[in-house]
Every structure is written in C-alpha cells, then in structure tokens.
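Here is a walk through one protein chain, written for someone who would rather look at the model than at a table. Keep the viewer open as you read.

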Amino acid sequence: SCATSPAQDINKISTQSLVEPAAITLVSVLSLPKSFFRQCLSWNQSDSGWSSEGCETTNISSSQVSCSCTHLSQIAVGVYEIPIIPEPKIPHSHSLFGFQIVALVVLL
C-alpha cells in the first residue's frame, strides 16, 4: 500500500517489494508482427541495465503489452526479432524420386 499523509515525505514511499503486483499496460505506437517477441523489463539500478526480474509479461496484443510487476521503477517493453529459420531443402536423390513416381502410379 502506498497511502501517505500530507506530513509524510513522498521520497519515503517504498516502490520495491510491493505487497500486490502492480498491473501496467504499455501502448505501442507501432503495430508489430508476431515475429517480434515482446517482454516486460524494468531498469536495474545496481546493474545499470534492463532486467525481467520482478516483472511478468501477462498479455500481448499487436499494440499493447501488459505487465505485472512487484516493484515500480522505469518500466519498458523489450522487443526482439525472432529469426525465421527457413525450412530445410530435401536433396533430390534417385531413391526419393523413384518413391514419388511409385506413389503416383499407385494413386492412379
């Protein structure tokens, strides 16, 4: 709970280890295709880097990402492109070609 009285110093409010996770929805200006992985991140002051620790990605749509975080700090969405791996090409061998012809003959 973050309830304060006017006499309390606003800087004394703890934003770490919340009793209940905070629900945060971030709206994207861009609509991203499904080949992009999105993840809720927060700034880790001690490591000087982004981390997913303490933030769970709860819902993803083409224009929004919802997060559930146990602390409040700088929250962002990390976007990573998932490489599309081409399907392997099956080499044309004599036995494979012969199997295709036999199957064609049987079906006729």
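## Starting at Val-77

Let's begin inside a strand: Val-77 belongs to β6. Keep in mind that this is a predicted model. Is Val-77 buried, exposed or partly exposed? Its relative accessible area is 27%, so Val-77 comes out as partly exposed, since the buried label needs a value under 20%.

Which residues does Val-77 touch, once neighbours within four places in sequence are set aside? The contacts are Leu-26, Arg-38, Gln-39 and Val-65. Take Leu-26 from that list: 51 residues separate it from Val-77 in sequence, yet the two C-alpha atoms sit 7.7 Å apart in space.

## The overall layout

Zooming out, the chain has six strands and one helix. Going along the sequence, the order reads β-β-β-β-β-β-α, so to speak a run of strands with the helix at the end.

A few totals help set the scene. Of the 108 residues in the chain, 16% are buried. The accessible surface adds up to about 8800 Å², and carbon and sulfur atoms account for 60% of that. If you take contacts between residues at least 6 apart in sequence, 62% of them link residues at least 24 apart.

## How the strands pair

Start with β2 and β6, which pair antiparallel through seven bridges. One spot to click on is Arg-38, whose bridge partner in β6 is Val-79. β2 also pairs with β3, again antiparallel, this time over three bridges. Here Trp-43 faces Trp-50 of β3, a pair of tryptophans you can pick out on screen.

Now turn to β5. Six bridges connect β5 with β1 in the antiparallel sense, and Ile-24 lies opposite Cys-67 of β5. β5 is also joined to β4 (residues 55-60), antiparallel as well, by five bridges. In that pairing, Ile-60 has Val-65 of β5 as its bridge partner. Val-65 is also one of the residues in contact with Val-77.

## Turns and loops

Two hairpins are worth a look. β4 and β5 make one of them, with three residues in between. β2 and β3 make another, with four residues between the strands.

What is unusual to look for at Ser-48? Although Ser-48 is not a glycine, its phi is positive, at about 50°. Ser-48 sits in the loop that runs from β2 (36-44) to β3 (49-51), and it is part of the hairpin turn there. Its relative accessibility is 54%, so Ser-48 counts as exposed, the cut-off for that being over 50%.

Another loop residue is Val-29, found between β1 (22-27) and β2. Val-29 has a relative accessible area of 84%, which means it is exposed. Which residue has its C-alpha 7.0 Å from that of Val-29? That would be Ser-63, 34 residues away along the chain.

## A nonpolar patch on the surface

Which residues make up the nonpolar surface patch? They are Phe-37, Tyr-80 and Ile-82, and together they offer about 280 Å² of accessible area.

Ile-82 is placed in the loop between β6 (75-81) and α1 (94-107). With a relative accessibility of 41%, Ile-82 counts as partly exposed. That is enough for patch membership, because the patch cut-off is over 30% relative accessible area.

## Where to trust the model

Across the chain, the mean pLDDT is 74, and 68% of the residues reach 70 or more. Confidence peaks in strand β5 (residues 64-69), at 92, and is lowest in α1, with a mean of 45.

Two stretches have pLDDT under 50 throughout. One is residues 1-5, where the model shows five contacts beyond four places in sequence. The other is residues 95-108, with two such contacts. So which strand has the highest confidence in the chain? It is β5, the strand that pairs with β1 and with β4.

Conventions
Residues numbered from 1 in each chain as written. Predicted model: local features only at pLDDT ≥ 70, side-chain atom pairs only at ≥ 80, totals over all residues. Heavy atoms only, no water. Patch = residues over 30% accessible without salt bridge, like charges linked within 9 Å, V, L, I, M, F, W, Y side chains within 5 Å. Areas by Shrake-Rupley, 256 points an atom, 1.4 Å probe, with all protein chains shown as cover. Salt bridge = Lys/Arg side-chain N within 4 Å of Asp/Glu carboxyl O. Buried < 20%, exposed > 50% of the residue type's maximum accessible area, 1.4 Å probe, protein only. Pairing = 2+ DSSP bridges. pLDDT = per-residue confidence, 0-100. Contact = heavy atoms within 4.5 Å.
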